[in-house]
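This report describes a ligand site, the pockets of the protein and a few backbone features. Please look at the sequence and the structure before reading on.

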Amino acid sequence: MLDQLHALKDKGLRELEALREVTQLPEWHRQYLSKKGELTQFLKQLGQLSAEERPALGKAANEVKQSLSEQFELHQKQLQEKKLNEALESDEIDVTLPGRPAPRGHLHPCTQALRRIASVFGEMGFQVYESPEVETDENNFQLLNIPSYHPARDMWDTFWINDEVVLRTHTSPGQIRAMREFYPEPIRIILPGKVYRYEQITPRSEHQFYQIEGLAVGRNIKMTDLIGVITEYSRKMYGMERKVRIRGSYFPFTEPSIEVDMDCNLCDGEGCRVCKYAGWLEVAGAGMVHPVVLKNGGYDPEEWSGFAFGFGLERPIMLQHGVEDIRYFYGNDLKFLHQF
Ligand code: FA5
C-alpha cells in the first residue's frame, strides 16, 4: 500500500507540473485533494489495515497530502504571476505605471483676501451682504446724493448699459439696498464685489477692481466707532507695523468724510510710481452716512446715525506682497498667480 501511496503522489505531482493554465487547477484539486479525490479514497482504505500497519501508513498518507497541498499552492502562485505578466506585456495599458498627478489649482489672491477680510469683519459682528454689479443710475448716484448735474459724477464715470442702467462704479449703492431691506433694524454689514470705471489704466488704477463696502447704522454711532473699526481691521489684516493715516475728504454721501491711506512699503515711504511719489497709498474712502442717504434708505436721521467705508481690494494686496502693477491681477499670468 505504501507503494500505491507513493505512486499516487508521483502521479499527482507530475500532472500538477504539466498544468500550464490557472483554469486547469480546480480540476486537479478536485481529482486529488477534494473529499471525493483519490487521496481521500485511499485514506478510507486504512480502516481495513491491521492496528500495527495503520499508524505508519496513516503518517505517510498525511505527509503525501501535505506535500501535494504545498505543491499545489506553489504552482498556483506561479501560474497566477505568469498570467499577470503576460497580461501586462500584451496590454497597452500598464497598470503598474505611476499615475499622472492632477495639477491642483488654488484661489486667486483677490479671493483669498476677500475671504480673510470677511472673516476679520465677521469677528467684529459684520455680516456679508451681496448686491448686484449692474445697477440703476438712481441707486449708483441719485439716492447717494449725486444728482445728474453733480460734478462728482465725472470722478465715477462708468460703462453705461442704457440711460438709466450702469455697471456700478462703487459698492456704495448696496448701502441703499441694504437699508431698504433691513429697516427698521440696526445694520452691520460688509458688501464685497466688483466695480467698474471709465478709467485711465495705470500701475495703480484698473477699469475693474474689487471694493469692500462697510455700513453700520444704529443709534448713537459716531466717527470714533468708524476709526476704531478701520484701525482694528488694518491691524488684524496687515499687522501692527503697518501705518494707517486718516485725512479729511469729501464724498457726497458721507458727512463728514475721510480718506484712509496706508504707508507704501514698495518704496518704504521714499516715493514710487504706485504711491505717486507720496509715500502713502489711498486705500479707502469713508465717513458718517449723510442724512439724505439715511432718509433715502428709510431711516430717520434724527434718530439714527451710521458710518460707511469703501476699500479698494487690490491696492492693499499690492502693498502687502510688493506687487508693482495692478494689471497683474487680471493678466491671467500663471507665473504671477502661482506666487500666492
Ligand atoms: C468710493 O468709491 C466711495 N464709494 C468710497 C466710500 C464708501 C466713501 C463709503 C465713503 C463711504 P473712491 O473712488 O475713492 O471712493 O474709491 C475707494 C477706493 O477704491 C480707493 O481708496 C482705492 O483704494 C480704490 N480704487 C479707486 N479707484 C481705483 C482704481 N481705478 N483701481 C483700483 N482701485 C481703485
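## Polar contacts of the ligand

In the side chain of S172, an N or O atom lies 2.9 Å from a nitrogen atom of the ligand. The model is a predicted one, and the distances given in this report are to be read with that in mind. A further side-chain contact involves Q211, where an N or O atom is 3.0 Å from an oxygen atom of the ligand. The backbone takes part as well, since a polar backbone atom of V283 is found 3.2 Å from an oxygen atom of the ligand. Taken alone, the ligand would expose 670 Å², and the protein buries 96% of that area.

## The shell around the ligand

The ligand is surrounded by 27 residues, and the closest of these are S172, R197, E199, E206 and E282. Sorted by class, this shell holds ten nonpolar, nine polar and eight charged residues.

Which elements each supply at least two residues of the shell around the ligand? They are the strands β5, spanning residues 208-218, β7, spanning 254-263, β8, spanning 280-289, and β9, spanning 305-312. The element that gives the most to the shell is β8, which contributes five residues.

## The largest pocket

The ligand sits in the largest pocket of the protein, and the space in this pocket amounts to about 730 Å³. Its lining is made up of 36 residues, and those nearest the centre of the pocket are W156, R197, Q211, E282 and R315. R197 and E282 are thus named both among the residues closest to the ligand and among those nearest the pocket centre, while Q211, also named near the centre, has a side-chain N or O atom 3.0 Å from a ligand oxygen atom.

At least two lining residues of the largest pocket come from each of β5, β6 (244-251), β7, β8, β9 and the helix α11 (314-321). By class, the lining of this pocket divides into 15 nonpolar, eleven polar and ten charged residues.

## The second largest pocket

For the second largest pocket the volume is about 160 Å³. The residues that line it are M124, F126, P186, I187, R188, A216, V217, G218, I221, D225, V229 and F307. Two or more of these residues are given by each of β4 (187-196), β5 and α9 (223-238).

With three residues, β5 provides the largest share of the lining of the second largest pocket, and β5 also supplies at least two residues to the lining of the largest pocket. In terms of class, the lining of the second largest pocket consists of nine nonpolar residues, one polar residue and two charged residues.

## Backbone features

Most peptide bonds are trans, and most residues other than glycine have a negative phi. Against that background, the peptide bond that joins Y183 and P184 is cis, with an omega of about 5 degrees, and P184 is placed in the loop between α8 (173-182) and β4. Another cis peptide bond runs from E255 to P256, with omega near -5 degrees; here the proline, P256, is found within strand β7, an element that also supplies at least two residues of the shell around the ligand.

Is the phi of Y277 positive or negative? In this residue, which is not a glycine, phi has a positive value near 60 degrees. Y277 lies in the loop between β7 and β8, and both of these strands each supply at least two residues of the lining of the largest pocket.

Note on methods: Residues are numbered from 1 along each chain as its sequence is written. This is a predicted model: local features need pLDDT of at least 70, side-chain atom pairs count only at pLDDT 80 or more; totals for chains, interfaces and linings use all residues. Side-chain values use heavy atoms; hydrogens and water are left out. A residue is near a molecule or strand if one of its heavy atoms lies within 4 Å of it. A polar contact is a pair of N or O atoms within 3.5 Å; within protein, one must be able to donate a hydrogen and the other to accept it, and residues adjacent in sequence count only if both atoms are side-chain atoms. Accessible areas come from the Shrake-Rupley method with a 1.4 Å probe; for residues, only the protein chains shown count as cover. On a 1 Å grid over the protein atoms alone, a cavity is a set of points where a 1.4 Å probe fits but cannot get out, and a pocket is an open set with protein on both sides within 12 Å along at least five of seven lines; lining residues have an atom within 4 Å of a point. A molecule sits in a cavity or pocket if more than half of its atoms lie within 2 Å of its grid points. Helices (H or I, at least four residues) and strands (E, at least two) are DSSP runs, numbered from the N terminus. Ala, Val, Leu, Ile, Met, Phe, Trp, Tyr, Cys and Pro count as nonpolar, Asp, Glu, Lys and Arg as charged, and the others, Gly among them, as polar. Grid points are joined across faces, edges and corners, and a volume is the space filled by probe spheres set on the points.
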